[in-house]
Amino acid sequence: METVTTRSTAKPIIYDPYAREDELHRQFDALGSALAAAFNADAVEGGGWTHEAGHASYGTVELRHPRGLGITLAHVGGYRKGAAGRRLSVRGIYPRDSSVRSAEPITVSMDRAPTAMARDIVRRWMPAYLATIDKALEMARQAERDRAARRAMNRRMEQILPGLRNHHVSAYEAPHRHDSWWSGGEYSRKEAPARASGKVTLSEDGSKARRIELTDVPADLVLDILALIDARQPLEGTVSPREVAPAREELPAPPPLTIPGQVLPTQPAAVAEPVTVDDGSHVLF
């Protein structure tokens, strides 16, 4: 709270910034309620719009839709004179994990009725927003699926090597982190000993490690690791018998083909081959 003294009366004027914020909150809460009602009355995107007014030194309100759509209206140009200082900026709300190009913001007059203001937003701005928000929402869903996969992979790695950690990320980010370090050898932690130090970096979807780095690795462990990644190693397992279909009965030989005047065998006659006798001559059989 700030105290100001005027020259004319010399009486202190108390300025309360929080009272100003409360007044703006009430004003934009009423505006948001009227805009949401107008959107629902016109069944914009099927209806279901809600609102939430902000607490700031300038007026702001958000309109939200169950499908993940969102609109922010803010009065950030109040320092301008005349009608220019009575306009609200209209911007789309996008998921944090999306990288699509946002729809260009527009401005609408505060002096218009909420129904006219809502229809102006739908006509001038909503088509560009709807053209981008679906892709943004899918990117956000994919990002959440990737985080879930990395969380699962990090849990599996921690079960094998409890010393995995990353002190450079927040408690929220740690479960789905990309990078993990551990100390090994002479630097091992007493509660989580390891034979070597290292780092593993997971891919975005957690399906593989983009990089594994090891330091101070004992020679026998080097050989064990190389043997594990050698693709030439024979497969191990047991031979399992499988049922084989019974053999089919031999088909009967076809009858001879008879032509008046001669009989032709169904199988080609054997071709006589020359045989060499002791005197070097050739005899056909």
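Two strands count as paired if DSSP finds at least two bridges between them. With that in hand, welcome to this predicted model. One good place to start is an open sheet of five strands, which pair in the antiparallel sense in the order β3-β4-β5-β6-β7. From there we can visit a helix that lies across part of the sheet, a pocket of about 610 Å³, and a cavity of about 30 Å³.

**The sheet and its edges**

- The edges of the sheet are taken by β3 and β7 (106–109); each has a single partner strand, so one side of each is left without a neighbour in the sheet.
- From one strand to the next, the twist averages 25°.
- At one end of the strand order, β3 (residues 50–53) and β4 (residues 60–64) are joined by four bridges in the antiparallel sense.
- These two strands, β3 and β4, make a hairpin, and six residues sit between them.
- To find your way around the β3 and β4 pair, look for Glu52, which stands opposite Glu62 in β4.

**A helix across the strands**

- Helix α2 (residues 114–124) lies across three strands: β5 (70–74), β6 and β7.
- Relative to β7, helix α2 runs at about 160°.

**A closer look at Ser89**

- Ser89 is part of strand β6, which covers residues 87–92.
- Is Ser89 buried or exposed? Its relative accessibility is 14%, and because buried means under 20%, Ser89 counts as buried.
- Leaving aside residues up to four places away in sequence, Ser89 is in contact with Thr72, Leu73, Ala74, Val76, Ile106 and Thr107.

**Two loop residues with positive phi**

- Glu45 is not a glycine, yet it has a positive phi of about 55°.
- You will find Glu45 in the loop between α1 (17–41) and β3.
- With 33% relative accessibility, Glu45 counts as partly exposed, a class that lies between the limits of 20% and 50%.
- Asp216, also a residue other than glycine, has a positive phi near 55°.
- The loop that holds Asp216 runs between β10 (209–215) and α4 (219–229).
- Asp216 has a relative accessibility of 57% and counts as exposed, since that class means over 50%.

**The largest pocket**

- The volume of the largest pocket is about 610 Å³.
- Its lining is made of 18 residues, and those nearest the centre are Leu161, Trp182, Ile212, Leu214 and Ile225.
- Which elements give two or more residues to the lining of the largest pocket? They are α3 (126–160), β10 and α4.
- Helix α4 supplies the largest share of this lining, with five residues.
- Sorted by class, the lining of the largest pocket holds 15 nonpolar residues, three charged ones and no polar ones.

**The cavity**

- How many cavities of 30 Å³ or more does a search of the whole structure find? The search finds one.
- The space inside the largest cavity comes to about 30 Å³.
- The residues that line this cavity are Leu161, Gly163, Arg165, Trp182, Ser183, Arg189, Ala192 and Ala194.
- By class, the cavity lining has four nonpolar, two polar and two charged residues.
- Leu161 and Trp182 belong to the cavity lining, and they are also among the residues nearest the centre of the largest pocket.

Methods. Residues are numbered from 1 along each chain as its sequence is written. This is a predicted model: local features need pLDDT of at least 70, side-chain atom pairs count only at pLDDT 80 or more; totals for chains, interfaces and linings use all residues. Side-chain values use heavy atoms; hydrogens and water are left out. On a 1 Å grid over the protein atoms alone, a cavity is a set of points where a 1.4 Å probe fits but cannot get out, and a pocket is an open set with protein on both sides within 12 Å along at least five of seven lines; lining residues have an atom within 4 Å of a point. Grid points are joined across faces, edges and corners, and a volume is the space filled by probe spheres set on the points. Ala, Val, Leu, Ile, Met, Phe, Trp, Tyr, Cys and Pro count as nonpolar, Asp, Glu, Lys and Arg as charged, and the others, Gly among them, as polar. Buried means under 20% relative accessible area, exposed over 50%, partly exposed in between (1.4 Å probe, protein chains only). Contact means heavy atoms within 4.5 Å. Axes are lines fitted to C-alpha atoms, for helices over the stretch in contact, and angles run from 0 to 180 degrees between N-to-C directions.
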